[in-house]
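User: Could you take a close look at one part of this model for me? I'd like a single residue in its setting, and then the rest of the chain around it.

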Amino acid sequence: MILKIHPSAASNFNDKAGSLIKLIEEFPKEKQKKSLFQSDLYIAASITEKDIIGDIEEATLDYRGNTVQRFFYFNDKKFGLSEKNYSELREIAERIQSLSAVRRVLSLLFVERKLFTWISEKYKGFNVPDVFIEYLYSEANAVIKTVTTWIPIANLEVESAFTVSNSEIRPFSKAVLDKWAVKVETLDGVNKENALIKQFEKIRKDYQGLAAVVTTTISEPEYATDYALEEAQKITAVLGIFSGATLIPDIKCVSKIKGSEIIAQSTIFIEGDKGSFEQKSSIIGKR
């Protein structure tokens with residue numbers, strides 16, 4: 001078992017999580033309104049009920065992109081928590097995630113989603129653990145694994161690896177990309193004309209030879225990328241001290257996370273424990 005929460009703390013959180021179930025209420029289902037305006041935007045794909053696998057979950061976001069409500073469907077009815085009650089759920093999730101045993105391996109988003117899933121499953125009468133912490137243990141241990149992330153740094157090359165904070169600065173070398181390329185080229189249905197191969201060549205063109213912040217964690221994937229991004233931001237800020245730009249007030253160091261030189265965005269390469277890799281690009285701070 002990777003997670004270990006003190007029994008008294010676990011009991012307290014179980015009681016608080018259980019109290020959320022009685023706060024679930026039914027909400028009216030929104031009817032789709034047919035717009036009089038017929039858009040001519042290109043439709044890339046149409047998703048039907050046959051394409052949907054599993055239960056549908058809805059969420060309401062505020063203007064900052066933060067989740068303020070979640071809903072689920074049961075017996076063709078819509079249930080969920082009001083904004084006030086959802087803020088209580090989020091507060092409980094935040095307190096659980098702040099525990100030292102949890103915050104090193106699970107993101108707040110993971111805990112929050114699992115807490116909502118647990119209360120909805122309990123409300124439906126489904127076969128899930130009676131107490132939330134036991135359910136969290138089970139769900140977390142199913143996804144916690146060794147994750148290595150590579151975050152390229154713009155306008156910076158290094159000859160050899162060195163350690164900074166809890167990460168390393170390494171060359172994002174041809175050898176590293178060659179290793180990943182072998183994995184891509186052996187996928188079923190992939191050939192030289194395949195779009196995946198062409199995308200990989202673009203990765204080479206954009207990132208090969210740059211330095212990268214390499215971080216390894218044993219955690220769930222969402223936490224791994226969040227933590228790696230924080231590490232990369234701190235490390236590039238420290239390395240900026242050695243830039244000549246620090247001597248000129250109106251010039252900034254351009255050796256930042258690759259992609260964030262102008263707009264705060266990042267590209268993260270996630271290396272799996274079985275030789276696979278995944279590329280994620282996003283605006284930093286946007287949720």
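How many helices and strands does the secondary structure of the protein chain come to? And once that's settled, please zoom in on Arg70: is Arg70 buried or exposed?

Analyst: Quick caveat up front: this is a predicted model. The secondary structure of the protein chain comes to eight helices and ten strands.

Now to your close-up. Arg70 sits in strand β3, which covers residues 67-74. Arg70 is buried: its relative accessible area is 6%, and the cut-off for buried is under 20%. Have a look at what its side chain is doing there: the side chains of Arg70 and Tyr86 are joined by a polar contact of 2.7 Å. Tyr86 also turns up among the residues that Arg70 touches, once you leave out anything up to four places away in sequence. That list takes in Glu57, Glu58 and Ala59, then Phe79, Gly80 and Leu81, and also Leu109, Glu112, Arg113 and Phe116. As for the strand setting, side chains in a regular strand alternate between the two faces of the sheet.

Just before Glu57 in the sequence you'll find Ile56, in the loop between β1 (25-27) and β2 (57-61). Here the picture changes: Ile56 is partly exposed, with a relative accessible area of 44%. Together with Ile47 and Ile52, Ile56 makes a nonpolar surface patch of about 300 Å².

Stepping back to the whole chain, 38% of its 287 residues count as buried, and Arg70 is one of the buried residues. The chain exposes about 18000 Å², with carbon and sulfur atoms supplying 53% of that. If you take the contacts with a separation of 6 or more, 66% of them are between residues 24 or more positions apart.

For a look at strand pairing, move along to β6 (residues 162-164) and β7 (residues 167-171), which pair in the antiparallel sense over three bridges. One of the bridge partnerships is between Val164 and Ser167 in β7. The hairpin has two residues between the strands, and Ser165 takes a positive phi near 60° there. From β7 you can carry on to β8 (residues 211-219): these two run antiparallel and are joined by four bridges. On that side, Arg170 has Ala212 in β8 as its bridge partner.

Definitions and conventions: Residues numbered from 1 in each chain as written. Predicted model: local features only at pLDDT ≥ 70, side-chain atom pairs only at ≥ 80, totals over all residues. Heavy atoms only, no water. Buried < 20%, exposed > 50% of the residue type's maximum accessible area, 1.4 Å probe, protein only. Polar contact = N/O pair within 3.5 Å; in protein donor to acceptor, adjacent residues only side chain to side chain. Contact = heavy atoms within 4.5 Å. Areas by Shrake-Rupley, 256 points an atom, 1.4 Å probe, with all protein chains shown as cover. Patch = residues over 30% accessible without salt bridge, like charges linked within 9 Å, V, L, I, M, F, W, Y side chains within 5 Å. Salt bridge = Lys/Arg side-chain N within 4 Å of Asp/Glu carboxyl O. Pairing = 2+ DSSP bridges.
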